[in-house]
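This report covers nonpolar packing, one helix and model confidence.

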Amino acid sequence: MRRPLLVLLAATLLLSACTVPRPKGDQAAEKVAATPADARRALAQYEEVLSVAAEALDAKPLAAVEAGSMLDIDTGTFEVAQQLQQKGEQRSEDLRILDVHAPMRNAYPLWFVMPVDDPGRDRVRVQVWRRERAAEPWKLVAAPETVGDADLPELVEGEQGTVVVAGREKPSRLGLSPQEAADTYAAALAGREAPEAQLIVPDAFVEQMWTTAESNGRLAGVRFRQEWRAENVDVALRTRDGGSLVLATLSRRDTYRVAAGRQVTWPGGSPQQAFLDGGGISSSGTLRYAHQVLLLVPGDGSPVVALGQLGGVTGADVR
Amino acid sequence: MRTRLGLATLVVGVLLAALGGAVTALLGPDGRYVTGPHEVRTDSLVVTRPAVLDWQGLELDVLAELPAEKPVFVGLGNAVDVEDYVGQTRRIVVDGVGRPWDPSYEEVDGGANLDASPVSLDWWLAAEAGLGAAHLSTTLPDETVEVAILPVGEADLTGLRVSLAYGVPHGFAWSLGALLLGLGLALLGVLVWRGVPLRPEPALVWLDDEDDEDEPAVAAPVPAADDAVEEQVVYVLVDDDGTEHEITAEEAAAAGYEVVEEVVVEDAPTPEGEPR
């Protein structure tokens with residue numbers, strides 16, 4: 001008779017201890033950058049604004065939900081669509097969030113990575129969201145689309161289900177740091193003879209860039225120069241193999257100097273033609289591009305692999 | 001041994017009862033310790049440091065009142081969010097509240113206005129806004145948090161009065177329970193200390209009898225403690241003629257007699273030499 005009473009008393013005390021206030025441990029200011037609920041809310045709001053912008057063929061509302069190169073690329077896309085009077089690309093209604101990879105952060109800006117399946121286009125977009133200030137909303141800053149059937153690598157998990165940020169230092173003696181990987185990839189895109197080309201896996205995107213540059217370089221009466229530059233990397237996640245998953249934003253400038261009496265033109269309906277107001281370059285001109293590349297940097301020193309890419313024309317200067 | 005056990009139980013009971021009584025009196029039936037309203041002289045905004053809210057599981061109520069129905073906002077947020085939000089704004093940073101109300105704070109210079117209205121932000125863990133008053137009621141989470149009292153729109157916090165309440169979930173019930181449990185333990189300790197038997201000593205015990213479990217066996221009386229009342233058990237056999245014969249327990253057990261009636265005579269004065 002006494003034993004059940006004692007057990008009941010002990011259980012009651014233990015349960016009550018769970019609700020009893022107690023001092024917190026570490027008082028360091030930090031937080032999980034975003035919860036799945038935050039991610040869902042941000043995506044829902046984004047889709048709402050994007051549909052309004054697409055309907056009106058007006059990129060201005062996008063500034064509320066996009067930033068950085070993403071806004072540049074989409075603004076360029078909208079400008080092209082506006083000039084060509086084309087509707088935007090068909091958007092899928094049933095986007096599916098595959099995962100939310102959020103790091104632990106102790107200060108703003110906050111960011112997280114969210115692969116989203118777009119079954120309508122049979123693609124996975126690896127969205128990167130960033131919140132610059134607490135007073136600002138989440139904005140989409142990158143969304144490279146996976147190439148072929150590329151799978152994302154397994155990421156190192158931190159506390160509370162977070163992911164671990166890859167720092168600026170080299171992950172191992174053999175591997176590249178995130179910034180080194182981005183710089184290497186940009187340098188390799190300059191041409192297949194570049195020494196850095198040996199440090200990357202030449203995929204379809206790289207081959208296309210090389211081929212385009214070689215074709216433009218062979219244009220008669222045209223001096224063509226292509227420049228690639230990697231911007232500062234601030235989104236990189238540690239992978240389980242000791243490497244990293246890096247979001248690299250590359251800026252590209254194609255400069256044409258055309259001899260008198262000649263003109264460089266692009267096919268009708270192309271973004272380049274739209275940015276050049278339907279004409280071509282007859283003296284000199286520069287087309288600016290932005291490319292977001294999702295790089296897998298192996299920890300064993302193997303060549304860097306591009307898992308996804310998104311890019312577009314962002315501007316043109318013509319004299 | 002018995003004395004020490006009783007004393008220990010008594011001490012534990014008294015301490016528990018004192019603690020329970022004190023907390024019961026402090027919290028009251030609503031389970032809250034309330035202080036305020038207190039006037040806070042500022043026209044900017046008020047933010048606490050994380051060290052002010054260094055307990056988790058504590059229930060916290062903050063009532064901010066402003067005159068003339070001015071709009072006011074009270075929010076609890078992660079320190080990363082709150083610091084970034086108010087970091088560039090002139091503010092009062094509360095380092096400690098004191099008990100019951102002896103706040104320490106510093107004034108930090110900065111811009112006059114916040115970058116966005118607090119009601120438009122989605123990262124508050126708990127928040128309330130109102131005209132003339134805002135009442136935040138929440139339980140402190142296991143993360144580094146800060147409370148902010150902020151103006152809304154063109155209003156400022158001139159004339160601000162703040163009331164605070166701290167509570168423990170089901171605090172009144174638990175403290176009352178501790179008080180009663182402590183009193184019970186104290187009483188138990190006194191009884192044990194004084195050697196009062198906590199249950200009556202049995203005169204008859206049942207022994208296992210494989211042949212007839214329903215039939216009680218007669219057993220020898222349990223020896224009583226030296227300082228307990230001495231009991232004497234007498235077995236009386238009533239024959240067919242109604243004549244009573246006193247027999248021993250062994251005789252009763254050997255003959256398989258059944259005890260059909262028990263008569264207890266307590267403290268009955270028995271004349272010397274006269275059988276009961």
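The text below takes the cores, then the helix, then confidence.

This is a predicted model, in which local features need pLDDT of at least 70, side-chain atom pairs count only at pLDDT 80 or more, and totals for chains, interfaces and linings use all residues. Residues are numbered from 1 along each chain as its sequence is written, chains are lettered from A in the order in which they are written, and side-chain values use heavy atoms, without hydrogens and water.

A nonpolar core is a set of buried Ala, Val, Leu, Ile, Met, Phe, Trp, Tyr and Cys residues joined through side-chain atoms within 4.5 Å; buried means under 20% relative accessible area (1.4 Å probe, protein chains only). The largest has 70 residues, and A:Trp129 and B:Ile149 are among those with the most contacts inside it. Helix 2 (residues 36-56) of chain A gives the most to this core, seven residues. Helices are DSSP runs (H or I, at least four residues). A second, separate core of 25 residues includes A:Trp228 and A:Val304.

Helix 5 (residues 204-217) of chain A reaches 20 Å from first to last C-alpha. Its buried residues include A:Phe205, A:Met209 and A:Trp210. The buried residues lie on the same side of helix 5 of chain A because they cover an arc of only 135° around the axis (taken from the directions from the helix axis to the C-beta atoms).

Chain B has a mean pLDDT (the predictor's confidence in each residue, from 0 to 100) of 81. Two stretches are listed below, with contacts (heavy atoms within 4.5 Å) beyond near neighbours in sequence.

| Stretch of chain B | pLDDT | Contacts in the model |
|---|---|---|
| residues 215-222 | below 50 | 16 contacts |
| residues 270-276 | below 50 | three contacts |

Notes. Buried means under 20% relative accessible area, exposed over 50%, partly exposed in between (1.4 Å probe, protein chains only). Helices (H or I, at least four residues) and strands (E, at least two) are DSSP runs, numbered from the N terminus. The expected span of a helix is 1.5 Å times one less than its number of residues.
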